[in-house]
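Please open the structure in your viewer, with the sequence panel beside it, and keep a way of selecting residues by number at hand. The tour moves from one selection to the next and says what is there at each stop.

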Amino acid sequence: NEYKSYLRMSEAPQIKSAPTGGKHVGKVKNKLPAAIQITAEQLLREAKERQLEIVPPPPRQKITDKTELAEYRMRKRKVFEDNIRKNRSVMSNWIKYSRWEEEQQEFQRARSIYERALDVDHRCIPIWLKYTEMEMRHKQVNHARNLWDRAVTLLPRVAQFWYKYTYMEEMLENVAGARQVFERWMEWEPEEQAWSSYINMELRYKEIDRARDIYEKFVLVHPKVKNWIKFAKFEERHGNIGGAREVFERAVDFFGDEYMDEDLFIGFAKFEENQKEYERARCIYKFALDKLTKEKCPELFKAYSMFEKKYGDRRGIEDVIINKRRFQYETEIKHNPLNYDSWFDLLRLLEADGSIEDIRDTYERGIANIPLVSTKQGWRRYIYLWINYALFEELAAEDIEKTREVYRACLDVIPHKKLTFGKIWLMFAQFEIRQKNMTAARKILGTAIGKCPKPKLFKGYIDIELQMREFDRCRKIYEKFLEYDMSNCNTWIKFAELETILGDSDRARAIFNLAVQQPLLDMPEILWKAYIDFEIEEEEHDRVRALYAALLERTKHVKVWVSFAKFEASIDELSRAREIYREADKRLLQSQLKEERVICLEAWRDFEMEHGDEKNQDEIKKKMPRRVKRRRKIDTEEGGEGGWEEYWDYVFPDVDGDSANIKLLQMAKMWKKQQDNDSDSSSGHDDDEGD
């Protein structure tokens with residue numbers, strides 16, 4: 001009623017328009033929303049409430065005689081047949097029809113309906129199950145057995161038929177028949193659960209030998225590790241320890257080296273552990289760890305660790321820890337073969353406790369990973385791997401020929417045109433020296449200098465010849481060194497020092513003379529200082545003065561002047577030293593180098609304080625500058641103004657511009673002081689008038 005009232009209210013009133021020119025205009029509906037609205041939820045709720053209204057049940061029909069029963073059955077059969085005729089493939093109609101006939105105790109008709117359904121679709125599993133269940137409910141065993149035979153023959157891959165068939169035979173205590181059914185089923189090689197059901201049936205009747213025979217076939221049909229372990233546990237559970245061990249051994253042989261699995265060895269070792277055969281278990285663990293790769297047996301290694309912690313000694317536990325660390329390093333190397341730090345860790349672990357062949361094999365694996373870059377930084381760790389390999393062969397393996405081969409192979413691998421490592425050449429030469437083969441060592445170093453000359457190679461070769469007291473060879477090597485790099489001042493100095501040590505001052509002086517004449521030197525100040533120190537040690541003072549004079553012609557640096565003056569002072573030539581200071585001050589004044597002149601004046605002042613009289617001291621004090629703070633503009637990189645900055649400057653008394661500035665500052669200070677005095681006097685006069 002509410003819905004009808006809603007519809008009445010929602011009907012929009014019609015608006016009539018006035019006629020225009022004798023023609024009627026069409027009616028326009030009012031499309032505005034109704035004043036009272038109803039929701040979809042309310043509509044659905046009302047519909048549901050109407051469905052819940054009590055509907056009277058259909059009248060019960062009471063059948064009183066056989067005629068009415070026959071008519072009723074005819075009507076029902078006609079309904080079922082019509083449903084089947086409409087759609088023969090709907091198996092639920094067939095099942096309902098047969099169930100109704102079964103309720104009417106018409107078993108022949110029910111069987112006929114099931115047979116008709118099987119003719120339509122013999123692959124329908126529910127039809128077979130309902131058919132056989134009907135026969136079993138009514139204790140028609142032979143009919144049920146025939147049906148199961150037909151079902152497993154037509155559909156041998158349906159495990160449900162086999163399970164129900166064997167269950168029926170076992171419930172009928174027909175063990176032989178159930179066994180026969182299982183044997184027929186096993187010919188089809190079903191899934192693992194079927195074999196387990198067969199074995200469990202035999203075990204229920206204490207047929208151990210038959211169960212063992214089934215296991216023998218089972219592990220061949222389904223050759224999985226877990227099935228072999230089940231077989232072994234079956235033998236162990238029934239007290240056949242030897243048989244269980246034999247099963248494990250057969251499993252190891254069956255899978256071989258290619259298809260080894262860690263679970264099999266874990267089960268085998270735990271079996272031996274349960275039998276308190278600890279040495280056997282340990283051997284099994286070690287055999288498995290040797291055969292299997294580390295990535296495939298993490299659980300095996302964990303089980304071995306637990307075993308050693310429970311039953312092993314200190315040595316065994318250490319072996320477990322070492323193997324664990326080795327597995328970790330091997331994993332890191334597998335992920336990144338160029339991670340040479342992991343190779344070093346692994347080799348250090350193996351060298352602590354490992355066989356020579358194993359260590360050598362690991363070194364060979366490591367050096368096979370050549371760096372992909374052509375930079376020295378990228379090759380450095382790799383070369384240290386070669387160095388460790390050579391030292392291992394020499395010191396640990398004590399294989400001299402193998403050590404020599406390692407050095408040669410390393411030198412062949414290095415791309416000497418792009419980069420080289422002097423350390424390898426020198427270590428190879430030192431190795432030959434330890435073998436008392438000096439000729440081979442010289443040949444190696446000569447090849448190195450000719451193929452890839454480096455300062456390190458020259459220095460190492462010279463040190464070796466110095467230790468052998470072969471000074472003529474040292475001279476030749478120095479000559480080659482200087483031909484390679486004539487700008488290296490350290491080489492000139494070392495060459496001259498060698499001649500000085502040998503007592504040949506003329507040769508040393510000639511080397512220094514030749515060195516200072518070179519147009520390009522990396523550190524000429526060191527070379528000149530060494531030359532001057534050499535002449536000072538030789539007490540050739542005139543030569544020293546000549547060197548200082550020559551050096552001052554090349555440079556006017558203040559340190560050269562100060563050093564020259566200090567030299568004269570050291571030999572008690574005070575007047576010469578004072579003249580040098582004056583000359584230096586004069587030159588620096590002309591060059592307008594204020595900071596350098598300050599350094600010179602401070603050194604001169606220190607000299608006069610130590611060696612001069614009051615007159616000379618007063619003279620230098622008058623020359624000392626005054627330090628003042630000044631400001632200057634800052635220019636940016638773009639050329640604009642960047643502001644102002646403060647800096648310290650030196651004001652020298654003997655500079656005209658500076659003297660004028662000083663006088664100006666003094667006059668400004670005097671004027672400021674006079675202004676302050678005038679202001680004080682005027683303020684005092686005003687106070688008197690007020691009084």
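What follows is a walk through selected residues of a predicted model, going from salt bridges to backbone, cysteines and surface.

**First stop: a salt bridge between two helices**

Begin by selecting Arg-212 and Glu-235, which form a salt bridge whose closest N and O atoms are 2.7 Å apart. Arg-212 lies in helix α11 (residues 208-221) while Glu-235 lies in helix α12, so the pair ties together parts of the chain that are 23 residues apart in sequence. Is Glu-235 buried or exposed? Glu-235 counts as buried, because its relative accessibility is 3% and the limit for that word is under 20%.

Stay in helix α12, which covers residues 225-237, and select Phe-231 within it. Phe-231 is buried as well, with a relative accessible area of 0%. If you now add Tyr-215 to the selection and draw a distance between the two C-alpha atoms, the value in this model is 6.2 Å, although Phe-231 and Tyr-215 are 16 residues apart in sequence.

**Second stop: a helix and a loop**

Select Arg-73 and Glu-106 next, where another salt bridge is formed, with the closest N and O atoms 3.6 Å apart. This pair links distant parts of the chain, since Arg-73 sits in helix α3 (residues 66-86) and Glu-106 sits in the loop between α4 (91-103) and α5 (107-120), 33 residues apart. Glu-106 counts as partly exposed, at 25% relative accessibility. The two bridges visited up to this point belong to a total of 43 salt bridges in the model.

**Third stop: a network of charges**

For the next view, select Asp-472, Arg-475, Glu-499, Asp-504 and Arg-507 together, because side chains of opposite charge can pair when their charged atoms come close. These five residues, Asp-472, Arg-475, Glu-499, Asp-504 and Arg-507, are linked in a network of salt bridges. Within the network, you can look at the bridge between Arg-507 and Glu-499, where the closest N and O atoms are 3.3 Å apart. How do the two partners differ in their cover? Arg-507 counts as partly exposed, at 36% relative accessibility, whereas Glu-499 counts as buried, at 0%.

Keep Glu-499 selected and show the backbone around it, where you will find that Glu-499 belongs to helix α26 (residues 489-501). Adding Ile-511 gives a pair that is 12 residues apart in sequence and 9.0 Å apart in space, taken from C-alpha to C-alpha.

**Fourth stop: two loops with a positive phi**

Turn from side chains to the backbone and select Glu-189, which lies in the loop between α9 (175-186) and α10 (192-204). Glu-189 has a positive phi of about 50°, although it is not a glycine. Then select Glu-398, in the loop between α20 (376-396) and α21 (400-413), where phi is again positive, at about 60°, in a residue that is not a glycine. Glu-398 counts as exposed, because its relative accessibility is 62% and that word is used for values over 50%.

**Fifth stop: two cysteines**

Select Cys-124 and Cys-474 in turn, and look at how each is covered by the protein around it. Cys-124 counts as buried at 12% relative accessibility, and Cys-474 counts as buried at 0%. How many disulfides does the structure hold? The structure holds zero disulfides.

**Sixth stop: a charged patch on the surface**

Switch on the surface and select Lys-376, Arg-380, Lys-423 and Lys-456, which gather there in a patch of positive charge. Of these residues, Lys-456 can be followed back to the backbone, where it is found in helix α24 (residues 455-467). Lys-456 counts as partly exposed, with a relative accessibility of 42%.

**Last stop: helix α31**

Finish by selecting Ser-591, which lies in helix α31 (residues 574-591). Ser-591 counts as partly exposed, at 44% relative accessibility. Add Lys-556 to this last selection, and the C-alpha atoms of Ser-591 and Lys-556 are separated by 9.5 Å, while the two residues are 35 residues apart along the chain.

Definitions and conventions
Residues are numbered from 1 along each chain as its sequence is written. This is a predicted model: local features need pLDDT of at least 70, side-chain atom pairs count only at pLDDT 80 or more; totals for chains, interfaces and linings use all residues. Side-chain values use heavy atoms; hydrogens and water are left out. Patches are made of residues with over 30% relative accessible area and no salt bridge: like charges are joined within 9 Å, nonpolar side chains (Val, Leu, Ile, Met, Phe, Trp, Tyr) within 5 Å. Accessible areas come from the Shrake-Rupley method with a 1.4 Å probe; for residues, only the protein chains shown count as cover. A salt bridge is a side-chain nitrogen of Lys or Arg within 4 Å of a carboxyl oxygen of Asp or Glu. Lys and Arg count as positive and Asp and Glu as negative; His and the chain ends are not counted. The place of a charge is taken as NZ of Lys, CZ of Arg, CG of Asp or CD of Glu. Helices (H or I, at least four residues) and strands (E, at least two) are DSSP runs, numbered from the N terminus. Buried means under 20% relative accessible area, exposed over 50%, partly exposed in between (1.4 Å probe, protein chains only). A disulfide is a pair of cysteine sulfur atoms within 2.5 Å.
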